[in-house]
Amino acid sequence: MFMKIILQLIVLCSLLMGSAAYAEKITAPVGKAADALNKDSECTRCHDENEKKPILSIAQTAHGNKADSRTPSCQSCHGDSEKHLSSNSNPPDVIFGTKKGAYSPSEAKDQNKACLTCHEKDPKRTHWQGGAHQTADVTCSSCHVSHTAHDKVRDKKTQPEVCFTCHKDQRAQISKFSHHPIGEGKVACSDCHNPHGSTGPKLLVKNTVTETCYTCHAEKRGPFLWEHQPVTEDCTNCHTPHGSNITPLLKSRAPFMCQECHDGSHQSVSPVAGNAAGTQGGLTTVPSENFTGRACINCHSMVHGSNNPAGALLQR
Amino acid sequence: MKTHNEEMKVRILALAVRCALLATVALPLGAYADDDDLKHPTNTVNFGSLYTSQSSARFGQYNGLNKEGFYGLGGFDVRGGDGYDQDKNSALRWKLNGTDLGTTSRNLGASITDQGKWKVNLGYDELQHNITDTFQTPLQGDPGGNNFTLPANFGAVNSATGQSSARVLTPNQQSAFHTEKEQTTRRNSSLGTSYTFTEQLSAQIDYNHLEQSGAKLIGTGAQGGINLLGGSSGRAEGNNIIMNPTSYSTDNVTAALNWKGEKAHLTGGYFGSMFHDDYNSLSWQNALETGASTCKGVNCYTNNTMSTAPSNSLHQANLSGGYDFTPATKLVGGFSYGYNTQNDSYAPTLIPQASGTAYNMMQANGLAASSLNGHVETKHGDLKLTNQSIKDLTLTAAFKYNERDNRTDSSTYLYKDLGNVNYTGVNTPYSNKKTQYEVAAAYRLTKAQNLRLAYERESLKRWCDGVVGGAQCVSSPTSDEDKVGLTYRLKAFDDVTFNAGYSFAKRNANFDHNFVANTGIYAPTIAGTLNARDVLGFVAYPYATRAQNLVKSGINWQVTQKVDMGVNGRYTVDDYDATLGVQNGHSAGVNVDVAYNYEENSSVSAYWSWQNGQRNMRNGGSGTIGNSSAAVNGAASQAVAPKNIWANQLEDNSNTVGLLTKNGGLLGGKLEILGDFSYAFDTSGYSTQVFYTPTTGNPPAAPISVPCGDSNSLTCGNLSPIKNELFSVKLTGNYKVHKNGKVALAYIYQKLNSNDYFYNGQQFGYTPNRVMPTGLQAQDYTVNVVALSYSLAF
């Protein structure tokens with residue numbers, strides 16, 4: 001009998017020690033971190049390492065760095081969820097996501113409120129309210145995953161596929177003959193756009209289109225001695241940034257592109273189509289340099305502006 | 001004495017104790033092991049080799065795989081720091097990563113942070129842009145350099161009018177052509193740091209150094225009026241396509257000080273961008289001459305110079321922030337002031353010639369200054385007020401202002417144009433400002449329905465200050481655009497969402513057909529300068545009055561938890577109010593997506609995208625049909641319209657289909673197979689039509705179309721469309737050889753069929769007689785790639 005009691009005590013102690021050791025692993029930190037972990041433990045009792053979605057891997061993210069006093073607990077984002085704690089047939093207060101799973105996602109404003117509580121006053125999110133994504137009910141979780149170490153939208157190589165979930169025209173455009181290296185992972189959507197809202201058109205990161213483009217193409221900034229007016233106003237007068245069938249990222253090709261703005265000077269008045277040789281030839285029997293290949297830009301090649309004192313016609 | 005039973009009890013007890021002790025140790029460890037895997041980062045190192053079957057600049061345009069042969073593969077992602085250990089009360093974490101290390105597309109990064117206190121990150125990114133490997137030139141000089149010369153024995157090329165192009169190049173000249181690869185390389189180094197002083201105050205500085213090298217092709221027109229030995233002279237506008245160096249560096253600095261309080265936040269910052277070009281000019285020799293010549297040797301060529309991109313800088317101060325009047329009423333805004341300068345020395349205008357007499361591109365006393373001393377002030381202001389104090393209603397009012405104020409002096413530059421004719425150039429520094437107002441209301445009709453109505457007004461003003469001689473610089477000094485938009489969203493069921501939107505925009509532009517521009521040599525008569533010498537009635541499309549309609553709609557259906565479908569489309573129509581110029585255009589797009597996630601790690605998805613665009617232009621022309629005057633806006637003597645009207649239509653068509661598959665959990669969870677198939681077919685076609693009005697009149701009689709083959713016809717008809725057809729297959733198999741090791745075998749097949757008339761006129765035999773051939777070819781390729789790599793996780 002005594003031995004039986006001893007045995008039971010040992011087993012009990014063993015289990016307790018094991019549990020204690022395990023619990024200690026979770027709650028060892030002190031101070032705010034310990035408080036946050038204690039709050040988390042209400043959730044991780046059930047949502048443990050066996051979850052289909054890796055809940056605990058949030059520890060690898062900035063949101064799981066408990067020694068940072070700003071780090072949230074589960075309840076900071078999902079709410080106290082008391083009903084859910086009493087029965088898992090009730091959803092937590094805030095369900096993130098865009099698709100229906102075990103529960104329906106919360107409304108966009110409720111999801112976003114949870115994130116903006118901490119992130120709204122970040123300078124990059126100043127213009128979220130009233131911005132294109134906010135007014136279209138895009139949620140933070142439409143793009144971000146917060147429980148895994150790899151948040152696709154914050155990785156240059158994988159970000160575009162997240163954006164293309166909605167922006168499908170651009171998905172097709174980036175594989176056109178002329179394109180920025182977006183699919184190749186060298187340029188990300190966020191290099192030009194701020195999805196959280198901005199002062200620029202089309203959520204551009206800078207105040208204007210030209211300012212945004214000059215970030216990488218500063219050689220076009222000038223000011224030049226001889227300016228080309230549409231260039232100083234908006235690069236998209238001639239270029240289409242997501243991809244084009246006409247190099248380099250052009251909306252149209254010379255001479256037709258030039259003829260959209262010029263119809264008088266030099267050869268810009270001439271209609272040009274295929275000649276007898278099957279090439280773009282103009283009025284002459286042999287191909288004309290005015291219409292063939294680079295056409296106008298064979299000579300007027302300084303289309304972004306010229307800094308040559310003898311270059312008023314953008315030729316030098 | 002112990003009985004056998006007692007011994008047995010002791011043994012069982014001992015066994016139980018051992019089991020319990022084992023359980024004490026093993027159970028938590030077992031639990032912790034999984035737990036640990038999730039909470040601690042997985043480091044990876046991968047390495048291997050890749051083989052590409054064909055050299056192709058186009059295939060390797062951005063991926064660094066432009067040459068046939070073997071490449072090394074390498075990458076790593078290593079993270080650590082006490083911040084990953086919850087036993088330690090530390091927020092310190094660090095990370096090292098690298099990708100594509102064996103190619104010219106490599107990337108390296110490092111960061112360390114004591115989260116919430118400070119962060120430092122370093123980065124290096126390389127990108128070689130391979131543009132073409134078929135460019136041929138007789139010019140000698142290093143790609144990336146700024147001086148190109150012809151071989152001494154190349155000789156002159158007779159480019160007199162009427163010469164057939166190919167025949168004027170001798171076998172000796174053709175043998176001088178050699179292939180140069182056109183490519184540029186960007187090396188981007190970055191250093192960033194941030195520091196949090198308090199919960200309210202933080203600062204950050206980011207520095208980025210971009211180094212560029214290589215060259216891009218550029219068209220050049222040669223200088224006329226330079227006499228050569230042998231009785232000939234240099235051909236004005238003789239075209240040589242040459243390699244323009246991109247020997248650039250750009251330093252960007254962003255600094256910000258951020259403050260945030262309970263109800264407000266404020267950021268003050270600086271952005272600096274310093275661009276430097278190692279060159280300010282590009283020189284080359286031209287062998288194209290005005291007639292037949294027996295000249296041999298270096299004296300048979302003219303020397304030419306043009307400018308390159310000037311070094312410049314921008315310094316910008318920024319202030320932005322927000323204030324919450326109440327939780328439901330918020331105001332945000334900002335202000336920026338930028339100062340952009342450029343004072344690079346002008347390219348040389350006195351060009352030494354091999355014959356001994358330098359050619360001066362400027363007339364006597366024609367050079368107003370040796371550099372521009374250009375400066376532009378940019379100003380930006382914005383304010384946005386949002387209010388959600390009425391249930392289900394969100395109101396927004398916003399204001400934005402952007403100004404580019406070019407304060408550069410206007411001066412007169414007297415020079416000689418390419419035809420060696422005196423030209424009076426007056427620089428016209430362009431300024432513009434845009435003011436935008438927006439009000440919007442979003443209302444939640446029901447829990448499932450949202451409606452948003454927005455109105456926007458945009459006013460644009462363009463001007464030039466202090467232009468010498470008072471010449472005008474803009475044809476459209478002002479324009480106003482009003483835009484209304486309506487968006488509706490419906491969540492029909494839990495699984496179905498629908499959206500639709502419509503917007504209408506009307507731009508009213510003031511356009512001055514009596515606009516008198518400085519047009520250099522074309523200035524002697526006012527009539528010659530009217531409408532910037534464009535045909536009267538012609539309006540450049542960015543400055544035309546325009547109406548724009550846009551309709552879009554989409555539906556997404558989560559059929560089951562495993563199946564999703566989506567369809568969306570858009571249609572836009574633009575109409576321009578212009579007698580001549582771009583008349584109208586439309587664009588349309590449809591996207592269809594289906595995804596089936598049939599198992600946890602297995603899925604298949606497919607998509608189809610179709611896009612179409614059309615743009616119609618109507619211009620006044622010249623040609624073999626005699627013109628007669630038809631005054632527009634009362635201006636006399638310069639008129640073509642409505643005679644000799646011609647039209648041009650651009651039509652773009654694009655189809656893309658894709659299939660993505662992922663099949664995981666094979667061979668007991670060891671094998672995963674990924675597939676990515678895509679097909680894209682893009683065409684761009686131009687069609688030119690010429691119409692003739694049999695009589696003048698107002699309104700003119702209905703135009704008639706003349707067959708393009710008619711001897712009186714101007715050039716018309718269809719150009720063969722620009723076609724690009726890309727077929728791509730990528731198959732990847734990942735096999736787990738042990739718990740932490742994975743072998744990946746990938747196969748890529750990519751085929752491009754490219755057909756573009758652009759290249760026709762660049763071949764021997766088709767080159768215009770004033771253009772030096774380049775031999776540029778359409779960049780078809782068929783490339784097979786096999787890659788084998790090993791990835792170790794630890």
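Here is a walk through a predicted model with two chains, A and B, from its overall scores down to single residues.

Because this is a prediction, local features are described only where pLDDT is at least 70 and side-chain atom pairs count only at pLDDT 80 or more, while totals for chains, interfaces and linings use all residues. As for labels, residues are numbered from 1 along each chain as its sequence is written, and chains are lettered from A and ligands numbered from 1 in the order in which they are written.

Let's start with how far the predictor trusts itself. The model scores ipTM 0.90 and pTM 0.89. Chain B has an average pLDDT of 88, and 87% of its residues score at least 70; pLDDT is the predictor's confidence in each residue, from 0 to 100. Two stretches of chain B call for some caution. Residues 522-527 of chain B have a pLDDT below 50, and beyond near neighbours in sequence this stretch has 12 contacts in the model. A contact here means two residues whose C-beta atoms, placed from the backbone, lie within 7 Å. Residues 623-642 of chain B also have a pLDDT below 50, with 55 contacts in the model beyond near neighbours in sequence.

Now, where do the chains meet? On one side, 113 residues of chain A are in contact with 158 residues of chain B. The elements of chain A that give two or more residues to this side are helices H1 (2-27), H2 (31-44), H9 (168-173), H12 (229-233) and H13 (256-259). Helices (H or I, at least four residues) and strands (E, at least two) are DSSP runs, numbered from the N terminus. H1(A) gives the most, with 11 residues. By type, the side of chain A that touches chain B divides into 44 nonpolar, 45 polar and 24 charged residues. In that split, Ala, Val, Leu, Ile, Met, Phe, Trp, Tyr, Cys and Pro count as nonpolar, Asp, Glu, Lys and Arg as charged, and the others, Gly among them, as polar.

Stay with chain A and find helix H5 (residues 108-119). H5(A) has 12 residues and reaches 16 Å from its first C-alpha to its last, close to the 16 Å expected, where the expected span is 1.5 Å times one less than the number of residues. Its buried residues are Gln111(A), Asn112(A), Ala114(A) and Cys115(A). Buried means that 20 or more other C-beta atoms lie within 10 Å of a residue's own; exposed means 12 or fewer, and partly exposed is in between, with C-beta atoms placed from the backbone. The buried residues of H5(A) cover an arc of only 145° around the axis, so they sit on the same side of the helix; the arc is that of the directions from the helix axis to the C-beta atoms. An α-helix has 3.6 residues a turn, so residues three or four places apart point the same way. The buried residues of H5(A) pack against helix H3 (74-78) and helix H7 (140-143) of chain A.

Chain A also has a few backbone oddities. The peptide bond from Gly222(A) to Pro223(A) is cis, with omega near 5°, and Pro223(A) is in the loop between H11 (209-214) and H12 of chain A. Another cis bond runs from Thr247(A) to Pro248(A), with omega near -10°. Pro248(A) lies in the loop between H12 and H13 of chain A, and so does Leu249(A). Leu249(A) has a positive phi of about 50° although it is not a glycine, and Leu249(A) is buried, with 20 other C-beta atoms within 10 Å.

Over in chain B, there are four helices and 38 strands, and buried residues make up 35% of the 794 residues. Strand S13 (residues 281-286) of chain B is mostly covered, with five of its six residues buried. S13(B) runs parallel to strand S6 (residues 147-148) of chain B, joined by two bridges; strands pair if DSSP finds at least two bridges between them. In that pairing, Asn147(B) stands opposite Ser283(B). S13(B) also pairs with strand S15 (residues 302-307) of chain B, antiparallel over six bridges, where Trp284(B) stands opposite Asn304(B).

Last stop: Ser431(B), in strand S24 (residues 431-446) of chain B. Ser431(B) counts as buried because it has 21 C-beta neighbours inside 10 Å. Leaving aside residues up to four places away in sequence, Ser431(B) touches Arg404(B), Asp405(B), Asn406(B), Trp463(B), Cys464(B) and Asp465(B).
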